[in-house]
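Subject: Structure handover and notes

Dear colleague,

Here is the structure I said I would pass on. My notes follow below it.

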Amino acid sequence: MGAWELLLVGALIALGLCGVLVPGVPGSWLVWAAVLWWALKDPQPVAWAVLVGATAVLLLSLVVRWALPPRRLRASGATPRMAVYAGVGAVLGFLLIPVVGALPGFMAGIYLHERLRLGGHGEATAALRTTMGAGGSSVLAELFACLLIAGAWLGAVVWG
């Protein structure tokens, strides 16, 4: 697979990661479709292993999201700007503390947004709890799954 095609797959994965944070956009399926395209264009054992792993992670993510409360983020006061803060926090956390850093990074992004908006620690903590209870945990589960898939794809491209 050429460099341009790899860049296109990477752009589609990045678009899928952003799509996870936007309601109604099938972000996780965009990430999976990009990995599928890559595996079909570059049929090596590592590509197929990443595709099988991505499929398993997405199916597990669906099961986890069905077990969590439904998304009612708009009712809790979540805004698109909060989604940006949460997404950037998750990606930074994922990069700084590989894999598990996405969890505290996501919540730190929401907390930072609320702290800047509301001004106090107590109010920001209460808003974080409200957001996570209103569906933020569902978004976090989907974003974490997509970050795992993106990391596996990037690792396979760089080292595989």
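Is Ile 13 buried or exposed? Ile 13 is buried, as its relative accessible area is 3%. Please keep in mind that the model is predicted.

The surroundings of Ile 13 are a convenient place to start. Ile 13 belongs to helix H1. Setting aside residues up to four places away in sequence, Ile 13 touches Val 31, Ala 34, Val 35, Ala 150 and Trp 153. Between Ile 13 and Ala 150 there are 6.7 Å from C-alpha to C-alpha, although the two are 137 residues apart in sequence.

Leu 12 also lies in helix H1. With a relative accessibility of 24%, Leu 12 counts as partly exposed, the range for that class starting at 20%. Once neighbours within four places in sequence are left aside, Leu 12 is in contact with Leu 30 and Ala 34. The C-alpha atoms of Leu 12 and Trp 32 are separated by 9.6 Å, and these two residues are 20 residues apart along the chain.

Next, the helix packing.

H1 with H2: helix H1 covers residues 3-20 and helix H2 covers residues 27-41. Their axes are 6 Å apart and make an angle of about 165 degrees. H1 and H2 are therefore roughly antiparallel to each other, the cut-off for this being an angle over 145 degrees. Their crossing is left-handed. On the H1 side the contact includes Leu 8, Leu 12, Ile 13 and Gly 16, and on the H2 side it includes Leu 30, Val 31, Ala 34 and Trp 38. By class, 14 nonpolar, four polar and two charged residues make up this contact of H1 with H2.

H1 with H7: the angle is again given as about 165 degrees, and the axes of H1 and H7 are 9 Å apart. H1 and H7 are therefore roughly antiparallel to each other, and the crossing of H1 and H7 is left-handed. From H1, the contact is made by Leu 6, Val 9, Gly 10, Ile 13, Leu 17 and Val 20. From H7, the residues involved are Val 139, Glu 142, Leu 143, Cys 146, Leu 147, Ala 150, Trp 153 and Val 157. The contact of H1 with H7 has twelve nonpolar residues, one polar and one charged.

Last, the aromatic rings. The structure holds two aromatic pairs.

In one pair, the rings of Trp 29 and Trp 32 have centres 6.2 Å apart and planes at 80 degrees, so the pair is edge-to-face. Trp 29 and Trp 32 are three residues apart in helix H2, so about one helical turn separates them. Trp 29 is partly exposed at a relative accessible area of 41%, and Trp 32 is partly exposed at 23%.

In the other pair, the ring centres of Trp 38 and Trp 153 are 6.4 Å apart and the planes lie at 85 degrees, so this pair is edge-to-face. The pair links distant parts of the chain, with Trp 38 in helix H2 and Trp 153 in helix H7 (residues 121-159), 115 residues apart. Trp 38 is buried, with a relative accessible area of 2%. Trp 153 counts as buried at 7% relative accessibility. As noted above, Trp 153 is one of the residues that Ile 13 touches.

Regards

Terms used: Residues are numbered from 1 along each chain as its sequence is written. This is a predicted model: local features need pLDDT of at least 70, side-chain atom pairs count only at pLDDT 80 or more; totals for chains, interfaces and linings use all residues. Side-chain values use heavy atoms; hydrogens and water are left out. Axes are lines fitted to C-alpha atoms, for helices over the stretch in contact, and angles run from 0 to 180 degrees between N-to-C directions. Helices (H or I, at least four residues) and strands (E, at least two) are DSSP runs, numbered from the N terminus. Angles under 35 degrees count as roughly parallel, over 145 as roughly antiparallel, 65 to 115 as roughly perpendicular and the rest as oblique. A crossing is left-handed if the near helix is turned anticlockwise from the far one by less than a right angle, and right-handed if clockwise. Contact means heavy atoms within 4.5 Å. Ala, Val, Leu, Ile, Met, Phe, Trp, Tyr, Cys and Pro count as nonpolar, Asp, Glu, Lys and Arg as charged, and the others, Gly among them, as polar. Rings of Phe, Tyr and Trp (its six-membered ring) pair if their centres lie within 6.5 Å; planes under 30 degrees apart count as stacked, over 60 as edge-to-face and the rest as tilted. Buried means under 20% relative accessible area, exposed over 50%, partly exposed in between (1.4 Å probe, protein chains only).
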